Amino acid sequence: MQDALLQLQTEALAVFLNVKTLEELEAARVEYLGRKGRLAEAMKDLASLDAEARRDAGKIANDVKRTIEASFQATEARVVAGAAEERQAQEWLDVTLPGIPPAVGHLHLTTQAIDEISGIFAHIGFVRSRHPEIDWDYYAFESLNMPKEHPARDEWETFFVGDDGEVAVGEKGKIVLTPHTSNGQVREIEKGELPIRMINIGKCYRRQASARHLPMFHQFEGLMIDKNVTVTELKGVFDYFVKRYFGANRATRLRPYHFRFTEPSFELDISCAVCEGTGKVDGVKCKLCKGGWLELGGAGMVHPNVLKAGGLDPNEYTGFAFGWGLERTMMMRSGINIDDIRTLYKNDLRFLTQF
Amino acid sequence: MNILASYNWLKEHVKTKLSAEEFAKEFSLRSMSVESIDRLDQRFENMVIGVVKSIAQHPNADRLRVATVDIGEKEVPIVCGGTNLAENMRVLVALPGSRVRWHGGADWTELQKTSIRGVESIGMICAPSEVGLDKVACGDHEIWDLTAVIDAPAGASVAAAFDCNDTMFDIEITTNRPDAMGMLGLAREAATAVGADFIPMKGLSLSKGEKEGSFTVRLEDDRCERYMAAVVEGVTVGDSPWWMQKRLLFAGLKPINAIVDITNYVALELGQPMHAFDAETIAKDAIVVRQGKQGEKLVLLDGKVVELNPSITVIADPEKALAVAGIMGGKDSGTTAHTTTIVFEAATFNALTIRRGSRAIDVASDSQLLFEKGLSPSALPVALARAVELAIEITGGSLVQVIDEYPKARKAKVFPFHPDAARRRIGVDISDEQQVDILTRLGFEVAKKKTGYAVTVPYWREDDIEDEVDFTEEVARMYGYHNMPSVLPASRPPAGFDDASLDWAMWTKKFLAGAGFSEFFSNSMVSVADLEMYGVSPKDALPLYNPLSTDLTHLRPSLIPSVLRAIERNQAFTASANIFELARVYLPQDDGLPEERMMMVFGEYGVIDAENAFMHLRGVLEYFGEKTGIAFTITRDGENDHWHDGRTAFISVDGVHVGVLGQVASDFQASFGIHRPVFLAEINLEALFPFMRHAHQYKALPAFPVVTRDIAVLVDEKIEFEKIASVVRGAKNLVTDCSIVELYRGEGIPSGKKSVTVRVTLVSPDRTLTSQEVDDVMTTVVRELALRLDAVIRG
């Protein structure tokens, strides 16, 4: 009996040693370790022995069982690893196959700019307001310290609503398509929620159409009003925006200018990226900028008459405002070199899906 | 508006040794923007005066000749096409290495030694425009004949011969500062900006004239505030001297004759437009300033005939109009070589009248550009005196009469000034003394008062300075914005919050882009055709009073016409795509401003599988609702001519209609010329904003195993999925969901029928279901489907 068991063990181990494939492995398992396998059969024979012989033989039988099982496990590990290795050796794919782009859509460049710009101003506490894009003359001009005869109010630059040769008129004057986002200034002040740190991004309309000017465009308007707001803070906000949006290496300049609704007024310039602020490329005048500077847009301290129009005491409150062309700002940074700005709103998907 | 200013001229009034570049930098920082710097000595580098010695026909070109030109140390051959080329002519020769503008074009190119059609040519004989002097009179295909202009010898450098060792600045003058349009005003500004002394012009005054004159001036139009005239007798009108021509030329003005040049020169120097009449042409020696008469015609200096009307101020004599006030003189009353007596006019006209008048008759001039900015009547005596002085010096003659009509003399403006208020506004500690000094240097008279100061505004700033706050700007800019610190606002946070609708609009755009839709961004202005092609009456859209063109006449009340127009344009290049637009539409109201309603349209064009397109859009909408906490009801109930009857659903929230989802009616698809079906969802986002929230709802995971079973049933084509689903869901309460796996028509399916494979989900909240229980449920489901929908189980 004992010899038979040891014989089984020797035989099993020899067979395991020659097992090479998963199929052979399974066959070997069934042969020796299966429910009706040789080891199970041998174990069954133990029952026929008397008690003493059974004890001795049982001990050996258990040893044999453990040895065979351990050997099988080792064999299994060897065969499985070998099989995996073999499979990998045969697996292959063509890595030059083209990539499959994710099926995402594309936000319009203008939307991307609106999102980014409002995000930058949000960092320094400016909140986004919504104001009409079709508004009263009062908010677009009158309340902004623009006297009746101001050129911007003449019909050749501003669109008016009206029909049959008559301009639509209502409680606060004519109805205009806002030529700038500044109509939001007095409207924001009128809300009576102070202090104000507003950013107003909206559509504007002007009677112009060329490669550089669109009849519909966007502006972003900043307005900050509180007690003791100063020019130095406007300068700070401007610098912060420029460094964040255009890059830390861009220089800024406040250049005196004239606007009716701010006093003092200035244009905000940033250094040109093409000529690096020198005004010259290879000794020839830079075609993009004026003397090394690019105009970003206008700004200034809110005119006392504007504060008054909104119901504030200019001796108590001061503020600053700026209103810049969004498309222009976006083009200045992007380097996309769209030579005709009208391309932006032509809705050509071959253009739109590039961004 | 930009002007070209000579640095040498400015330096006659500003005591400075700064280089042109330094000057431009300092000036731009504190005053107005110098947009470019043009060094004239460089512009004329390698250019010399040449004398044409002989001329021969070019052997290989009919229109070209070969000139032998003396350029000083030698004679060189130059090929030239100038039709006026003549022997002994003095010409401007650009030698190799110089920069010229070919035929007066925009770009400067460097000249090379070359051969033209086989003949060597050393340089080029130039026309004025080829060296940047566009305003010099010169015929087409002619070269610049300098014989009478200059007597420098052959070989002399052009820069030296023209005495133009000078730099021209191109400066943008802001509209509030017409005083700086004149060199004197610009110099005053510059002196303060660069911290140098200002050298004023020597005092000028007008005597009453040497003898009693016969001229009269009558003001009948109060839009002329002041009118001064000076009569000068015995003049000889020839060309003006070269020094004057040169200054006009480099400023971009065209020399005409000595008298006209004098008026232009004074305008350039002092910023006050002038005019000169030939006294002979003024009937009865009487000047009348009056409104134009309806239908009255006048031939202008440039030959254009304009029709006048009462909105325009006219200078006339008792018989006829002589000039359009402040805009342009008449052809017949101008000075000529035969003129012996002139009447200089210096007047102040209403700025608005000039601006509107100029637009109305479509005539622009340098004079009009100055007047429409607003000029002071106090500027007249100096300007007139200067013109008379120059006339006597250049054309001879003597002053015989001066007239001054000024019914209501202006008083100087005086405002209080508090340096402390300026400091508060600027945020920098600029001393009282420094502030007063800045104002004084700019020409303001500053007097100390008990509190603060009283500041008298000089006449040349009368229109610009309106209140005390304007002094702050003078102080701030001259102190220098570049000298101020840059400070981030550290004060209280704002009281308001982001506008929720704008946040949601941006969120929605990102959602749609994430879902694979690309954004259209269209003009809000549309044409009548756009509206009518989509069956919208122009009466329901906001009309523009003054549209720019016939294709932009109304503000859109719907996004769909723009979207369809864009689809039509794209279909040739991009056969199908997922697109969206999100924008405000403008809806006319009975009264007041229009409603600005945020709408969104998203969809798919170039659709081949309608069912799939619809399911796709519906899925996007439902997911959008899930993310924003909005439960959309999507039903077939409703009717709308704009949409395909059988392929459209109506969307509502809590019983309120908010949009439509479906196929654009084929009529409208066809009217826009779109080839394949368009499926869109049009949603009134504005109506949803109040209910939108970031919905994150936690649902506990099932505690017991979830079982799914798929069954395929054959039903009539028009049995809607929702019917099947409701039968399945209603069969037993263990059924928690019924979703679609496959829709199949085709081989093996009778026509008019479809095979629908649905997945039934079962779960119990309190136990693991046995397979027997599941089988029982499915038996019930099958029975119910057969009973209620005549469904036949397949396979």
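Start small: select G170 and G173 in chain A. G170(A) stands opposite G173(A), which belongs to β6(A). Bear in mind throughout that this is a predicted model.

**Stop 1: the small sheet of chain A**

Widen the selection to residues 173-177 of chain A, which make up strand β6. β5(A) pairs with β6(A) in the antiparallel sense, over two bridges. Now bring in β2. The three strands form an open sheet in the order β2-β6-β5, with antiparallel pairing. Which strands stand at the edges? They are β2 (134-136) and β5 (169-170) of chain A. Each has a single partner strand, so one side of each is left without a neighbour in the sheet.

**Stop 2: the domains of chain A**

Zoom out and colour chain A by domain. Domain 1 covers 2-90, and domain 2 covers 109-352. Take the centre of each over C-alpha atoms: 86 Å separate domain 1 of chain A from domain 2 of chain A.

**Stop 3: a covered strand in chain A**

Select residues 262-271 of chain A. This is strand β10, and it is mostly covered: nine of its ten residues are buried. Add residues 252-257 for strand β9. β9(A) and β10(A) pair in the antiparallel sense over six bridges. A hairpin of four residues joins β9(A) to β10(A). Next, show residues 293-302, strand β13 of chain A. β13(A) pairs with β10(A) over eight bridges, again in the antiparallel sense.

Centre the view on F266(A). P256(A) stands opposite F266(A) in β10(A). The bridge partner of F266(A) in β13(A) is A299(A). Strands of a sheet pair through backbone hydrogen bonds, so display the backbone here.

**Stop 4: chain B as a whole**

Switch to chain B and show the cartoon. Chain B holds 21 helices and 42 strands. Along the principal axes, its C-alpha atoms fill a box of roughly 130 × 85 × 55 Å. The radius of gyration of chain B is 41 Å, whereas a compact globule of 795 residues would have one near 28 Å. Of the 795 residues of chain B, 44% count as buried. Among contacts in chain B with a separation of 6 or more, 70% are between residues 24 or more positions apart.

Colour by confidence next. The mean pLDDT of chain B is 93, and 99% of its residues reach 70 or more. For the complex, the predictor gives an ipTM of 0.85 and a pTM of 0.84.

Now colour chain B by domain, using these ranges:

- Domain 1: 2-41 + 167-198
- Domain 2: 45-161
- Domain 3: 216-405
- Domain 4: 431-482
- Domain 5: 500-691
- Domain 6: 707-793

Pick domain 4 and domain 5 of chain B. Their C-alpha centres lie 57 Å apart.

**Stop 5: a strand covered on both faces**

Select residues 313-316 of chain B, strand β21. In a regular strand the side chains alternate between the two faces of the sheet. Turn on side chains and look at each face of β21(B). T313(B) and I315(B) lie on one side, V314(B) and A316(B) on the other, and all are buried.

Show the neighbours too. Strand β18 (residues 286-291) of chain B pairs with β21(B) in the antiparallel sense over four bridges. Here V289(B) has I315(B) as its bridge partner in β21(B). Strand β22 (residues 321-324) of chain B also pairs with β21(B) in the antiparallel sense, over three bridges. In that pair, the bridge partner of V314(B) is V324(B). A hairpin joins β21(B) to β22(B) through four residues.

**Stop 6: an open sheet in chain B and a glutamate beside it**

Select β26, β27 and β28 of chain B. These three strands form an open sheet in the order β26-β28-β27, and the pairing is antiparallel. β26 (414-417) and β27 (445-448) of chain B stand at the edges, each with a single partner strand, so one side of each has no neighbour in the sheet. On average, neighbouring strands of this sheet are turned by 25° against each other, direction ignored. Four bridges join β26(B) to β28 (residues 453-456) of chain B. Highlight F417(B): it stands opposite Y453(B) in β28(B).

Finish at E468(B), in the loop between β28 and α13 (469-479) of chain B. Is E468(B) buried or partly exposed? It is partly exposed, with 18 other C-beta atoms within 10 Å. Leaving aside residues up to four places away in sequence, E468(B) touches F415(B), P416(B) and F417(B). Last, add N176(B). The C-alpha atoms of E468(B) and N176(B) are separated by 16 Å, and the two are 292 residues apart along the chain.

Key. Residues are numbered from 1 along each chain as its sequence is written. Chains are lettered from A and ligands numbered from 1 in the order in which they are written. This is a predicted model: local features need pLDDT of at least 70, side-chain atom pairs count only at pLDDT 80 or more; totals for chains, interfaces and linings use all residues. Two strands pair if DSSP finds at least two bridges between them. The radius of gyration is taken over C-alpha atoms; the globule rule is 2.2 Å times the number of residues to the power 0.38. A residue is buried if 20 or more other C-beta atoms lie within 10 Å of its own, exposed if 12 or fewer, and partly exposed in between; C-beta atoms are placed from the backbone. Two residues are in contact if their C-beta atoms, placed from the backbone, lie within 7 Å. pLDDT is the predictor's confidence in each residue, from 0 to 100. Axes are lines fitted to C-alpha atoms, for helices over the stretch in contact, and angles run from 0 to 180 degrees between N-to-C directions. Domain bounds come from an automatic or database domain assignment.
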